[in-house]
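Visitor: I am new to this structure and would ask for a close look at the last part of the chain. Please then lead me from there to the rest.

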Amino acid sequence: MDVKIDMISKIVPREISPSSDVPSSYLVTCDLQYLEYVELDVLLAPNACDIFSDRIRHNAEGFAKVGGDSIRLSRDTLPPIQTVRDGVAGAYQGRSWFLPQDRYSHVKRGNFATVEHNHLKFFRDLLGENRVLANSSDCQAYNVDWIRSVRGYSQCVLKPKTAQEVSEILAFCDKHRLAVCPQGGNTGLVGGSVAVFDEIIVNTALMNKILSIDEISGVLVCEAGCVLETLEDQLAEKDLMMPLDLGAKGSCHIGGNISTNAGGLRLLRYGNLHGSVLGLEAVKANGEIMDLLSTLKKDNTGFHLKHLFIGSEGTLGIVTKVAIQCPPKPKALNVSFLGLQSFENVLETFKLARKELGEILSSFELIDALSLDVVTGYHGLKSPITDYPFYVLVETQGSNVAHDEDKMNKFLEMAMKTGVVEDGTVTNEDSKMKAIWALRERITDGLLYDGYVFKYDLSLPIKQFYGIVTEFRERIGKDAVRICGYGHVGDGNIHLNISVKEFTQDILKRIEPFVYEHTSQLRGSVSAEHGIGFRKPKYMHYSKTESAINLMKDIKRIMDPNGILNPYKVLP
Ligand SMILES: Cc1cc2nc3c(=O)[nH]c(=O)nc-3n(C[C@H](O)[C@H](O)[C@H](O)COP(=O)(O)OP(=O)(O)OC[C@H]3O[C@@H](n4cnc5c(N)ncnc54)[C@H](O)[C@@H]3O)c2cc1C
């Protein structure tokens with residue numbers, strides 16, 4: 001099959017020719033058109049190096065990943081198109097893609113149409129020239145996910161501005177059997193937001209209007225493409241805030257948040273989106289606009305259909321508008337950062353925080369030592385305390401500065417007195433609070449510098465919350481660069497991360513399915529908040545019964561009979 005030159009992301013000299021100083025063989029990391037990254041042994045043509053120089057710089061910024069499959073390129077065919085042997089390959093209308101053989105070979109392109117000139121003409125007539133991207137380089141950024149772990153090959157990105165335009169796009173795609181991938185800010189961590197093959201990407205970035213903010217009821221109505229942080233800023237002017245917050249707030253869209261039922265950093269206090277979303281508007285696969293945009297708190301008239309769109313990851317419809325209940329902006333904020341000697345002490349501290357801080361406790365986040373190393377090491381952030389195996393970030397949000405400070409101080413006093421917390425710092429200064437939050441929020445992107453990261457987002461009974469990290473340290477040990485755990489203790493949601501220099505099947509086999517079996521035995525969830533996306537459909541059964549999965553499939557059939565919406569995702 002063919003691998004194009006622009007997929008190459010890293011080149012390292014491997015062999016030096018005995019007759020000269022010029023390397024005769026290089027190890028090349030190649031982002032193939034479809035998923036994952038593959039290691040290639042390349043014998044370079046003498047003039048090929050210049051062509052690759054951009055990619056070498058790119059890699060110097062630390063983005064490259066290496067896959068486990070080893071494929072040899074022949075010297076004669078470089079550049080610009082190389083021939084690769086081995087692997088599962090397919091060719092479609094002159095294009096080709098590659099499925100890393102033993103990871104995704106079960107995924108076959110569905111029987112969908114391919115985007116042709118007459119389809120593009122329809123989209124251009126509807127949206128205008130500028131809102132239809134239809135060449136490879138324009139589409140490239142929309143085809144790769146945030147952690148650069150999956151890659152699609154969409155040749156068409158559409159940017160509607162209204163629900164009516166989304167409706168006309170979907171009605172057309174449904175009629176012509178064109179598969180569609182809805183996309184918000186593309187910060188999802190399970191590969192749901194990028195095409196798998198050549199699905200049309202419908203990106204909501206231009207649906208970004210705030211429609212109303214009711215200062216009395218605190219209800220915000222806005223379009224799906226509003227960026228979470230922009231909403232937060234606009235609400236702050238009215239002394240309101242969003243009921244959710246996450247590290248990706250600068251990029252993620254509220255429509256994406258709803259479609260993934262994003263949890264985030266303050267779920268402990270404000271609950272999940274099934275509670276705070278009052279209503280929404282969504283477009284079904286056949287183009288029908290579902291007006292469920294109620295702003296009522298109470299409405300028990302029939303089935304609660306909005307919930308079907310919350311967390312269904314774009315498989316049942318495209319969310320176009322949202323009505324969301326926003327809490328008042330807290331007048332008092334306190335953040336403390338604590339050092340602890342054991343996970344048992346973390347649990348004791350959580351118990352104490354619930355008791356002593358009560359209604360003002362808004363976050364209780366765990367960072368273990370190796371997670372902290374990521375942000376102090378790669379990002380150069382300063383931690384106010386160091387040399388503990390566990391750190392906890394405790395935040396309070398309330399309406400009375402003196403009362404909240406008093407509560408926080410008493411809580412800390414008790415925690416120190418009983419010895420569960422050994423050291424800690426507390427602040428209500430904006431810049432210092434932000435600096436402490438950065439220690440938690442930057443872990444996700446910092447980990448990418450380690451190499452390849454196996455990421456697991458698990459709900460576990462709180463007592464067994466951290467055991468999985470220790471378990472993997474025993475199982476994998478020094479074969480990993482890092483095995484760390486951080487996350488939302490208050491919600492029983494741990495992010496287990498196992499980073500390795502390079503992806504290998506051997507490590508994968510030592511992690512999976514054990515990680516899912518272990519979670520299932522503890523009656524946990526294999527996806528606490530990130531969703532199922534493309535990466536996890538085959539693991540859903542570890543957390544859902546067969547009858548539950550069958551009912552999901554029935555609902556999908558009713559709402560999207562031709563299966564055009566986000567195929568290959570969520571449902572096994
Ligand atoms: C640094 C970082 C920190 C993160 N922290 C958290 C966290 O604390 N908690 C958490 O839950 N997640 C977290 N995430 C994951 C991610 O940010 C969330 O899943 C977020 O809700 C995705 O929003 P998005 O707009 O980027 O959606 P995308 O990534 O674009 O899409 C996600 C899924 O929703 C679908 N979709 C998007 N928009 C729509 C729409 N309008 N209608 C229908 N379907 C749609 C897509 O098809 C895809 O399946 C984090 C990610 C990063 C990079």
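**From the end of the chain inward**

Guide: Valine 570 is buried, since 24 other C-beta atoms lie within 10 Å of its own. This residue belongs to the segment that follows α19. Please bear in mind that the model is predicted. The backbone of valine 570 deserves attention as well: its phi is near 65°, a positive value in a residue other than glycine. As background, most residues other than glycine have a negative phi, and most peptide bonds are trans.

Immediately before this segment comes the helix α19 itself, residues 546-559. Only 1 of the 14 residues of α19 is buried, so the helix lies largely in the open. Its length may be checked by reasoning: at 1.5 Å a residue, the 14 residues should span 20 Å, and the C-alpha atoms at the two ends are indeed 20 Å apart, which agrees.

Moving back along the chain, one meets the loop between α18 and α19, where arginine 523 is placed. Like valine 570, which has a positive phi, arginine 523 is not a glycine and yet has a positive phi, of about 55°. In burial the two residues stand apart: arginine 523 has 10 C-beta neighbours inside 10 Å and therefore counts as exposed, whereas valine 570 is buried. A further backbone feature is found in the loop between α17 (505-511) and α18 (514-521), where proline 513 has its place. Glutamate 512 and proline 513 are joined by a cis peptide bond, with omega at about 5°.

The segment after α19 does not stand alone. Among the residues that cysteine 173 touches is Ile564; the others, not counting residues up to four places away in sequence, are Leu178, Val180 and Ile200. Cysteine 173 lies in helix α5, residues 163-176. With 28 C-beta neighbours inside 10 Å, this cysteine counts as buried. Another distant part of the chain can be located from here: the C-alpha atom of glycine 287, which is 114 residues away along the chain, is separated from that of cysteine 173 by 9.0 Å.

Ile200, one of the contacts of cysteine 173, leads to strand β12 (residues 200-203), which is covered on both faces. Ile200 and Val202 are buried on one side, and Ile201 and Asn203 are buried on the other. Strand β10 (residues 157-158) runs parallel to β12 and is joined to it by 2 bridges; valine 157 has isoleucine 201 as its bridge partner in β12. Strand β11 also runs parallel to β12, with 4 bridges between them, and proline 182 stands opposite valine 202 of β12.

Strand β11 (180-183) in turn leads to the ligand, as do α7 (254-260), β17 (318-325) and α15 (443-446): each supplies at least two residues of the surrounding shell. The largest share, 5 residues, comes from α7. The shell divides into 12 nonpolar, 23 polar and 3 charged residues. Of the 38 residues around the ligand, those that come nearest are Gly184, Gly192, Gly255, Gly256 and Gly314.

A second sheet region completes the tour. There, 7 strands form an open antiparallel sheet in the order β21-β18-β20-β19-β23-β24-β22. At its edges stand β21 (423-427) and β22 (452-459), each with a single partner strand, so one side of each has no neighbour in the sheet. On average, neighbouring strands of this sheet are turned by 15° against each other, direction ignored. Although β22 is an edge strand, 7 of its 8 residues are buried. With β24 it forms an antiparallel pair of 8 bridges, in which phenylalanine 454 has isoleucine 498 as its partner. Further into the order, β19 (residues 361-368) and β23 (residues 482-488) pair in the antiparallel sense over 3 bridges, and glutamate 365 stands opposite histidine 488 in β23. Helix α16 (residues 467-476) lies across β19, β22, β23 and β24 (493-500), and runs at about 170° to β23.

Lastly, the whole chain may be placed around these details. The chain has 19 helices and 24 strands, and 48% of its 572 residues count as buried. Of the contacts with a separation of 6 or more, 71% are between residues 24 or more positions apart.

Conventions. Residues are numbered from 1 along each chain as its sequence is written. This is a predicted model: local features need pLDDT of at least 70, side-chain atom pairs count only at pLDDT 80 or more; totals for chains, interfaces and linings use all residues. A residue is near a molecule or strand if its C-beta atom, placed from the backbone, lies within 6 Å of it. Ala, Val, Leu, Ile, Met, Phe, Trp, Tyr, Cys and Pro count as nonpolar, Asp, Glu, Lys and Arg as charged, and the others, Gly among them, as polar. A residue is buried if 20 or more other C-beta atoms lie within 10 Å of its own, exposed if 12 or fewer, and partly exposed in between; C-beta atoms are placed from the backbone. Two residues are in contact if their C-beta atoms, placed from the backbone, lie within 7 Å. The expected span of a helix is 1.5 Å times one less than its number of residues. Two strands pair if DSSP finds at least two bridges between them. Axes are lines fitted to C-alpha atoms, for helices over the stretch in contact, and angles run from 0 to 180 degrees between N-to-C directions.
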